[in-house]
Amino acid sequence: MLLEFKTKNYKSFVEESSFSMVAAPKQKGLDYSLMKTKVKGKEIRGLSSSVIYGPNAAGKTNIIGAMDVLRSIVLRGNIRNSEEKSSPNPAAASLELIPNNNETEGKPVCFSIDFYEESAGDKFRILYELEIDLGVFLDEEYPRKIVSENLFVNGESVFQRADDLYIGNMKVMKKYLSDVTEQNIESVSEIAKNSLSQDELFLTNGFKLIFSQKFVKLIIDWFTNKFMVIYRANSMQLIKRFVDPKKKAVYVEKTTDKAAKLFGINSNAIGYVVSEDEPDAKLYSIFQDMKNKKNAAIAAEIFESYGTIRFINMFPLVIKAIQTGGTLVVDEFDASIHPMALMSIINVFHNDDINIHHAQLIFNTHNPIFLNSNLFRRDEIKFVERDDDSHQSILYALSDFGTTGDKGVRKHEDYMGKYFVSQYGAIKDIDFTPIFEEILEREGEV
C-alpha cells in the first residue's frame, strides 16, 4: 500500500510536493476500506483512493509521471537512459526530459516513496529516497550522478548513501539477511562502499548482492506487481506491462469478458491473441464465423471504440489490484468511459467486503461528478495548481483547508459548487472569444 510519494525539481514541480495516502487527522466519516495497522506500536491509516483535479497543463499528469519515472529507475537499477523507447512516458526512458525547463543551473531531482508491505507475517513500512543530478533540461551528455540514496525500514535507517556509505540497523530485517552478512556486517561494509557506482542504485546492486537479495526482491516485487502506474490516457497496451499473457494462441478471459458484457459488448467476445512473432498479448474481438463454424479474430482497435478498448485493457488491472492489494494509478481515468462504469469501479475499492487486501485507486480527472462529499473524503481529493508567472506546480488536498474560517471546508459541503467558484483554486477561467473577434476583425480588413 502506498503511503506517501514526494518529488522535487521534477518538471513543473520545482518545490517539494507530497502526495499523501495516509488519512489526515480529525477526518471523520467515509471510513471505507481504510487500512488500519500498527508497525512498531505506531498506527497507520492508509487511504483506499484519491482523485486529482486541476486545469489543463497544471501538472496533474506530471505527478503521475514522477511516480512512473521512479518505478522505472528502480526496476532497471540505474539512472542511465533506457533502451526501451515504447513507453508512453518518454521521461521514464530519457531522463534528460525530467529537469524543469526554466532552470539555467541544474538542481538535483528528488524522489521519495513510503509504502507498506507484508511478507510471511512480517510487517514492513519501507521508505526509499533518491536524489539524482541530471544537469539541466535536455542535457543528454551530462555525467549523471546519484547524489543520495536512503533506505529506511520501520523507521530504522538501513543504509544512507551520499559521498560515503553508512550501513545502519540491520536487525529490523534480520531474517532476510544473507548468512555471511548476518555473521559479520561490519567487515562487508567496506566491500559495499567499494561497490558504489555513480549512476547505479545501491539498493538493487551492492545492497542486493552483499546484504539481502531476499529483502530487495520484496521491494522489487512491490514495484513490479503492486505499483501499477498508467501514464497517458491514450496508452493502449496496458496488458503488456502488468498482466502476464497466457501461453495459448487465442484465449478469452472469462471474468474480463463478463465485465465487457456488463459494459455493453453483446455481439462478440473480447479475447487476447499471442503470436509467435509478437509474444505479448494483443486485444482482439472474437466472433463466430457462422459460415465456417469457426472463431474469427479481428484486432480490437479496428472493430471496437476507444472507450471499450481502454476499459477492457484497464479492467484486468483493477482485478489484479483487488486480488493483491496493489496500487493502481491511472492518468485520466475517465477518458472515453461512461461515469457509471467508473463509479462502479470506485465503489469496488470502497467496499470493505470486496477490497479485503486494501487495494488503492489513484487517478486524475476533469469530471466534477467525483467532487462529492458522499463519495470521497476531504483527504482523498487533491488539487494541482500552476502559477502563471513562475509556471511552477503545487499540490494540495482539500483537507489542507481545515474546517473553520472563510476558506474552511465542512463535512457534506457542496464541493463541486465551491470548486467552480474558485473556492479551492486549481481552476482557470478560459475565454476564447477575443481570438475569434481578432480573426473576424482581420477578415473585415481584407
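Accessible areas come from the Shrake-Rupley method with a 1.4 Å probe, and by this reckoning the protein exposes about 21,900 Å², of which carbon and sulfur atoms supply 49%.

**View 1. The whole chain of this predicted model, with its 13 helices and 19 strands****.** Of the 446 residues in the protein, 50% are buried. When contacts between residues at least 6 apart in sequence are considered, 63% of them join residues that are at least 24 apart.

**View 2. Helix H4, residues 185-194, and its two faces****.** Val 188, Ser 189 and Ala 192 are the buried residues of helix H4. Seen down the axis of H4, these buried residues fall within an arc of 125 degrees, so they line one face of the helix. An α-helix has 3.6 residues a turn, so residues three or four places apart point the same way. On the face of H4 that is turned away from the buried side, the exposed residues are Glu 186 and Asn 194.

**View 3. An open sheet of 6 strands with mixed pairing****.** The strands follow one another in the order E11-E16-E17-E5-E18-E19. Strand E11 (227-230) and strand E19 (393-397) form the edges, each of them pairing on one side only. Neighbouring strands in this sheet are turned against each other by 15 degrees on average, with direction ignored.

**View 4. The pairing of strand E5 with strand E18****.** Strand E5, which covers residues 49-53, runs parallel to strand E18, which covers residues 381-386, and 3 bridges join the two. Within this pairing, Val 51 stands opposite Ile 381 in E18.

**View 5. Helix H6 lying across strands E11 and E16****.** Helix H6 is made of residues 213-226, while strand E16 spans 327-330. The helix runs at about 40 degrees to E11, which is itself an edge strand of the sheet.

**View 6. The largest nonpolar core, with 68 residues****.** Phe 111, Ile 113, Leu 151 and Phe 207 are the residues that touch the most other members of this core. Helix H1 (residues 60-76) provides the largest share of the core, namely 8 residues. Apart from this core lies another one, of 44 residues, which includes Val 51, Leu 283, Ala 359 and Tyr 415.

**View 7. The surroundings of Phe 207****.** When residues up to four places away in sequence are not counted, Phe 207 touches Leu 151, Val 158, Phe 159, Met 170, Met 173, Phe 202, Ser 212 and Val 216. Among these, Leu 151 is, like Phe 207, one of the residues that touch the most other members of the largest nonpolar core.

Key
Residues numbered from 1 in each chain as written. Predicted model: local features only at pLDDT ≥ 70, side-chain atom pairs only at ≥ 80, totals over all residues. Heavy atoms only, no water. Helix = DSSP H or I, 4+ residues; strand = E, 2+ residues; numbered from the N terminus. Buried < 20%, exposed > 50% of the residue type's maximum accessible area, 1.4 Å probe, protein only. Contact = heavy atoms within 4.5 Å. Arc of directions from axis to C-beta. Pairing = 2+ DSSP bridges. Axes fitted to C-alpha atoms, helices over the stretch in contact; angles between N-to-C directions. Core = buried A, V, L, I, M, F, W, Y, C linked by side-chain atoms within 4.5 Å.
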